[in-house]
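Here are a few worked exercises on a ligand site and some cysteines. Grab your viewer and work through each task before reading its solution.

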Amino acid sequence: MSNQSNSLRTVSIVGTGIYLPEKVMTNRDLEKIVDTSDEWIYTRTGMHERRIARDDEYTSDLAANAGRAALADAGVSPEEVDLLIVATLSPDAFFPSTACYVQDKIAAKNAYCYDLGAACSGSLFALETAKNQIATGAVETALVIGAEKMSTFLNWKDRNTCVLFGDGAGAFVLKATGAERGIMDGVFGSDGSLAHLLSTPGGGTRHPMTHDMLDEGLQYLQMEGREVYKHAVTGMKKSVLDVLEKHNLSSDDIACFIAHQANARIIEAIGKRLKVEDRMFMNVEKYANTSAAALPIAVHEAVQAGKVKKGDLMLLVAFGGGFTWGANIVEW
Ligand code: UT7
């Protein structure tokens, strides 16, 4: 039985791809930049290293590389893409959208393109958006990319934040298929009253680009780590339970749980509370928190590592600035 109502088509992820910049920045490298230690970073976050893009590599370059890889994996040509969404909080520019730059770079000339802003939950929200457009028949093929050049928006003098993030991109190709369940309907939420706990406040209409704003460092990402941590654990746990309940499934039905890769302790806490530690995928040690890119990168690597096989169910769950959160279940 399909998870979609009668007139809707079942949609599947038919290809994945990732791109990580070449440059590796280790915790030891960070010891030379701010007052931190490999021991502090590893025990608090599980991170060993992260990737940092070159100055001449933009978010759209990371996204285009991941997008090309996903299209090749799916055996889909760029011309076949009808819809191209880039989820990012570190766009090339305010406008045009990073997705439009990507379209040009990969020659997806028949696609309509836009960015989606939901911070670390962006790829999950974009997956749902694209899935629904294919399910209704509005489009046939979508390319969903999560891409971040976080390094541009980090204050490299602030040890509270600069050690936590990395650059990278991951992509999904979506099509209608004859699969039984495909990408199942997700559960999603937001709470704008907590926006101040995680944001890059400067540069927009709230704090326009002035010398004073730059002197205050408002162009950089700011986070109340401990508060975000608490909300991330409870929010993602609830999302997992809600989406399982929505589809009348139990955690035993899920082959692999893929959570937003913000902190190993968060992922472990969720795994423990739900008693699914053995099936929680983790790669935060290699890439740190790549925001909207983290989920598609993790899905790609989980599949490559054989954690999910054809027909298995994987559960994706995310949490990020806004706050935003959500979860969905994908039949592989
Ligand atoms: O992507 C969106 C979601 N993001 C997240 O989910 C991130 C959520 N938050 C976290 O992952 C954690 O809260 C952090 C990793 C950010 C921080 O870990 P924590 O265990 O909550 O540490 P803390 O903020 O309570 O800080 C403990 C101490 C502080 O010193 P005092 O005030 O106790 O003397 C910090 O100043 O650690 C200090 N500290 C550091 N020390 C060495 C903070 N950053 C560093 C650092 N190196 N890089």
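**Exercise 1.** How far is an oxygen atom of the ligand from an N or O atom in the side chain of asparagine 289?

Some ground rules come with the solution. This is a predicted model, where local features need pLDDT of at least 70 and side-chain atom pairs count only at pLDDT 80 or more, while totals for chains, interfaces and linings use all residues. Residues are numbered from 1 along each chain as its sequence is written, and side-chain values use heavy atoms, with hydrogens and water left out.

Step 1: for asparagine 289, the distance is 2.6 Å, inside the cut-off for a polar contact (a pair of N or O atoms within 3.5 Å).
Step 2: asparagine 263 does much the job of a second example, with its side-chain N or O atom 2.7 Å from a ligand oxygen.
Step 3: for histidine 260, a polar side-chain atom sits 3.1 Å from an oxygen of the ligand.
Step 4: on its own the ligand exposes 960 Å², and the protein buries 77% of that (Shrake-Rupley areas, 1.4 Å probe).

**Exercise 2.** Break down the shell around the ligand by class.

Step 1: sort the residues, and you get 10 nonpolar, 7 polar and 5 charged; Asp, Glu, Lys and Arg count as charged, Ala, Val, Leu, Ile, Met, Phe, Trp, Tyr, Cys and Pro as nonpolar, and the others, Gly among them, as polar.

**Exercise 3.** How many disulfides are there?

Step 1: apply the rule, sulfur atoms within 2.5 Å, and the count is 0.
Step 2: cysteine 100 misses out because its closest cysteine sulfur, in cysteine 113, is 4.8 Å away, too far for a bond.

Key
A polar contact is a pair of N or O atoms within 3.5 Å; within protein, one must be able to donate a hydrogen and the other to accept it, and residues adjacent in sequence count only if both atoms are side-chain atoms.
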